[in-house]
Amino acid sequence: MNLTLDSGAERDALHLGEILLRFESISSTNDIAKRLARKGLPEGTVVLAKMQYLGRGRADKSWFSPLGGLWFSVILRPRVPPSSISLIPIAAGVSTARTIRRLFQLDVVLKWPNDVMAGARKVAGILTESSAAVDGCYVIIGFGINANNSCASMPPQLRDETISLSDMLSSEINVDRLMQEHLKEFAEVYGMILTNDSADLVTEWKRLTDMLRQPILVYEDEASFEAIAVDLDSDGALLVQTEDGTLRRLLSANISIRRVK
Ligand code: BTN
């Protein structure tokens, strides 16, 4: 395991990335970030890896993390009411979509809660994990961005569902710059939660999604049901209307959804 520690990286209001731990190859940046959070490392600490051999995704899925991708996790220690914690994944998705749109002029959109999509193919995914520790609550946000890893090298089952920025742009991108710009954007959007501007955050998520008023398939545990995505609630829950007209709030890490074509 090869590790370098950068301190004093470009500062922003929330000091994201002031402590930056770079790894060549590790199990999962979320796992290492969690270990460091338990040891007391401060909010804003970033763990970055060139590749992960046990990368994890939402709903207990694995996350393919070869060289070329941008895989990193951020430690947060939010001092906000529990009702605002559920907005952190929403903020993470908004910041990722905004960064990609601004840097590369790509019309990516959000799929609830925070998948960044180009059409039906996923460009980036986010894994949020939180825990109440002795010295307060911490949240780990793991960002996985398919950057320079071509989808031609993906396992066959992922090839049709995934796309990378270099595939879309037909050129290599600067992943260090992408991460620095992303950290600045995330600091700004996360700041909306800290300063009680959550209503603006919810509005921004709705601007960046194309799934509202569309039919979706909701997978919950072993079952699935059809619904219409109606709205994003003020705490980040997705409001859906089922076929019998019932309104339901989806707010679970283990729910996944699919657009009905
Ligand atoms: C998903 O869409 O299922 C979430 C994928 C999250 C992947 C990132 S890569 C960096 C961080 N470390 C992990 O093990 N997972 C997240």
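Select K184 first: in this predicted model the residue is partly exposed, with a relative accessible area of 34%. Add E181, whose side chain meets that of K184 in a salt bridge of 3.5 Å, N to O. Both residues belong to helix α6 (residues 175-194), where they stand 3 residues apart, about one turn of the helix. Which class does E181 fall into, buried or exposed? E181 counts as buried, because its relative accessibility is 14% and the class takes in residues under 20%.

Now extend the selection to R98, R102, E185, E188, E204 and R207, which are linked with K184 and E181 in a network of salt bridges. Across the model, the count of salt bridges comes to 18.

Next, select D231 and K206, whose side chains form a salt bridge with an N to O distance of 2.9 Å. D231 is in strand β10 (residues 223-232) and K206 in helix α7 (residues 198-208), so this pair ties together parts that are 25 residues apart in sequence. D231 counts as partly exposed at 25% relative accessibility, and K206 counts as partly exposed at 30%.

Move to R56 and D31, another salt bridge, in which the closest N and O atoms are 2.6 Å apart. This pair links distant parts of the chain: R56 sits in the loop between β3 (46-52) and β4, whereas D31 is in helix α1, 25 residues away. R56 is partly exposed, with a relative accessible area of 30%; D31 is also partly exposed, at 27%.

Select R22 in strand β2 (residues 19-26), then V47. Their C-alpha atoms are 6.2 Å apart in space, although the two residues are separated by 25 positions in sequence. R22 is partly exposed, with a relative accessible area of 25%.

Turn then to the largest pocket, which has a volume of about 1,200 Å³. Of its 47 lining residues, K61, K111, D115, K122 and E161 are the closest to its centre. Which element supplies the largest share of the lining? Select β13, which contributes 5 residues. Elements that each supply at least two lining residues include α1 (29-38), β7 (121-133), β8 (136-145) and β13 (255-259). Coloured by class, the lining shows 21 nonpolar, 15 polar and 11 charged residues.

Finish on the surface with I228, V230 and L247, which make a nonpolar patch of about 240 Å². L247 is located in strand β12 (residues 247-250) and counts as exposed, at 56% relative accessibility.

Key: Residues are numbered from 1 along each chain as its sequence is written. This is a predicted model: local features need pLDDT of at least 70, side-chain atom pairs count only at pLDDT 80 or more; totals for chains, interfaces and linings use all residues. Side-chain values use heavy atoms; hydrogens and water are left out. Patches are made of residues with over 30% relative accessible area and no salt bridge: like charges are joined within 9 Å, nonpolar side chains (Val, Leu, Ile, Met, Phe, Trp, Tyr) within 5 Å. Accessible areas come from the Shrake-Rupley method with a 1.4 Å probe; for residues, only the protein chains shown count as cover. A salt bridge is a side-chain nitrogen of Lys or Arg within 4 Å of a carboxyl oxygen of Asp or Glu. Helices (H or I, at least four residues) and strands (E, at least two) are DSSP runs, numbered from the N terminus. Buried means under 20% relative accessible area, exposed over 50%, partly exposed in between (1.4 Å probe, protein chains only). On a 1 Å grid over the protein atoms alone, a cavity is a set of points where a 1.4 Å probe fits but cannot get out, and a pocket is an open set with protein on both sides within 12 Å along at least five of seven lines; lining residues have an atom within 4 Å of a point. Grid points are joined across faces, edges and corners, and a volume is the space filled by probe spheres set on the points. Ala, Val, Leu, Ile, Met, Phe, Trp, Tyr, Cys and Pro count as nonpolar, Asp, Glu, Lys and Arg as charged, and the others, Gly among them, as polar.
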